[in-house]
Amino acid sequence: MPARRNGPAVLLLLVALLLAARTRSQAAVWQSELSLWTASVQLAPFKPRPWINLGAAYVGAGRIREAQRAFIQARRVAALPHVPYWDRTTALQLTDVNLRTVNVLGQGWAR
Amino acid sequence: MTKAAWIGLVLLTLWAYQSVWAAGWVYEDSLNVLATTHPITTRPVTVASWYLTPTPAQAHGVSLMLHLIGGALVAAFAWRLGLHRGAAAAAVIWLLHPALTESVAYAASRGELLALIGVLGACLSATGGWWRLRNAIGIAAGLVLACLSKESGVVGFLLVPLTIAATGNQARPRWASPWWPVVSSAACVVMGVWWFGGLATVVNFGGTDFIKATAIGWREWGLLQAAAAHHWIGSYVWLTGLAPDADLDLVPVSLRLVSLAVLAVIALSAWRLRAKAPIAAFGLGWCLVALLPRFLVQMPQGYLNAHQFTVPMVGLVLATATAYDALDRWAQS
């Protein structure tokens with residue numbers, strides 16, 4: 001029965017194509033800071049670090065208003081009860097520095 | 001698989017990673033690749049490789065080349081374990097699985113690819129008779145490469161004895177007791193722990209300005225790492241959740257306990273399959289053994305992430321390739 005004999009090879013080919021397509025879209029996420037952290041905040045919207053890094057990416061792209069929004073969101077998220085206190089402390093410190101820098105200078109940030 | 005199919009697989013991999021040629025530096029690349037000013041570190045091989053690739057295109061190109069080498073080694077390892085039909089499946093899954101995108105497309109994580117090559121090189125050498133001088137040199141060289149590429153390479157000292165145990169039914173000279181590699185590996189691990197300042201220092205490795213590793217209890221740490229391991233095993237199966245910074249703190253305690261139960265089920269399955277499907281059992285065991293150090297070394301803010309899952313994932317790929325091997329045998333029968 002050729003169908004049965006070729007079945008595993010066909011299955012492997014289909015798996016290869018599926019994986020390749022998924023990897024291609026995932027590799028594109030790693031293309032730039034903006035693409036990486038935009039995808040990250042979608043997958044981890046209640047974690048402060050992706051929002052801080054997204055803000056930094058916006059600053060790098062010269063999009064100050066969006067950077068401010070991201071840093072403010074990082075502050076909000078850092079206050080959520082599930083965030084461990086050491087992450088919260090780090091996040092609040094970084095967002096304070098970043099917001100001050102962005103507000104005053106319009107550029108520059110810390111991670 | 002024919003020669004043309006192998007070439008097709010390489011071309012498909014290059015197509016899947018086409019975007020890396022135009023990618024820039026991201027995340028901690030600037031802290032690692034660009035900011036490392038001296039080669040005397042705990043990762044000299046990785047740092048030296050960064051020196052040789054100062055531009056993003058060069059860095060990503062080298063990482064992609066290392067990924068292709070890793071794919072060839074995974075296939076060769078599967079073949080040496082006896083998966084003559086499943087070796088191709090192992091190569092396909094390894095080269096094209098999106099869970100490895102972080103290791104390949106993120107230059108700062110290149111140490112994982114190098115450590116993997118070292119670990120697989122050592123384990124491949126171990127399958128051919130560890131008592132032979134040529135193989136013993138291969139094991140030593142692989143382990144040195146792994147450990148000088150990234151700290152996680154130390155799992156090689158666990159995986160080489162596991163590989164020897166899994167392939168231990170070969171004829172060997174009388175003096176070559178199977179305990180030799182176990183004792184040698186244990187001695188290397190003990191000496192390494194001593195070198196780095198003792199057990200208390202090693203297991204409380206990571207601290208930040210706001211938290212010391214000792215401030216987190218073992219139960220809390222174990223459950224968090226179990227949730228992380230479960231997350232990446234799930235990503236391997238379902239191809240989802242591939243975040244560079246997964247939100248594991250959001251996982252409630254009840255689900256962390258479920259994660260721990262999942263790991264226990266995997267361990268139990270490996271034990272129960274050891275006679276019926278030894279390579280699948282070996283693969284599951286490999287995954288758990290490679291994860292073990294992450295449970296022992298505390299790094300607050302450093303839960304297991306995608307690129308740290310590179311070496312454990314080899315075990316899952318071997319288990320999957322075993323299933324494909326069995327399917328192909330059935331289809332051809």
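The following dialogue asks how the descriptions of this predicted two-chain model are justified.

Mentor: This is a predicted model, where local features need pLDDT of at least 70, side-chain atom pairs count only at pLDDT 80 or more, and totals for chains, interfaces and linings use all residues. Residues are numbered from 1 along each chain as its sequence is written, chains are lettered from A and ligands numbered from 1 in written order, and side-chain values use heavy atoms, without hydrogens and water.

Trainee: What makes chain A more spread out than a compact globule?

Mentor: Chain A has five helices and zero strands. Helices (H or I, at least four residues) and strands (E, at least two) are DSSP runs, numbered from the N terminus. The radius of gyration is taken over C-alpha atoms, and the globule rule is 2.2 Å times the number of residues to the power 0.38. For 111 residues the rule gives 13 Å, and chain A stands at 21 Å, well over that, so the chain is more spread out than a compact globule. Its C-alpha atoms fill a box of roughly 75 × 30 × 15 Å along the principal axes.

Trainee: Why is chain B called as compact as a globular protein of its length?

Mentor: Chain B has 15 helices and zero strands. Its radius of gyration is 20 Å, close to the 20 Å that the globule rule gives for 333 residues, so the description fits. The box for the C-alpha atoms of chain B is roughly 60 × 45 × 45 Å, along the principal axes.

Trainee: How do you know that helix 1 of chain A and helix 1 of chain B are roughly parallel?

Mentor: Look at the angle. Helix 1 (residues 2-29) of chain A and helix 1 (residues 3-16) of chain B pack at about 30 degrees, with axes 8 Å apart. Axes are lines fitted to C-alpha atoms, for helices over the stretch in contact, and angles run from 0 to 180 degrees between N-to-C directions. Angles under 35 degrees count as roughly parallel, over 145 as roughly antiparallel, 65 to 115 as roughly perpendicular and the rest as oblique. The pair is therefore roughly parallel.

Trainee: Which residues of helix 1 of chain B meet helix 1 of chain A?

Mentor: Leu12(B), Trp15(B) and Ala16(B) do. Among their partners in chain A are Leu17(A), Thr23(A) and Arg24(A). Contact means heavy atoms within 4.5 Å.

Trainee: Why is Leu92(A) called partly exposed?

Mentor: Buried means under 20% relative accessible area, exposed over 50%, partly exposed in between (1.4 Å probe, protein chains only). Leu92(A) has 28%, so it is partly exposed. Leu92(A) is in helix 5 (residues 85-104) of chain A. Leaving aside neighbours within four places in sequence, Leu92(A) is in contact with Arg75(A) and Ala78(A).

Trainee: What makes Tyr27(B) buried?

Mentor: Its relative accessible area is 12%, so Tyr27(B) counts as buried. Tyr27(B) sits in the loop between helix 1 and helix 2 (29-34) of chain B. Its phi is near 50 degrees, a positive value in a residue other than glycine.

Trainee: How do you know whether Leu239(B) is buried or exposed?

Mentor: Relative accessibility is 12%, so Leu239(B) counts as buried. Leu239(B) lies in the loop between helix 12 (218-238) and helix 13 (253-272) of chain B. Phi of Leu239(B) is positive, about 65 degrees, although the residue is not a glycine.
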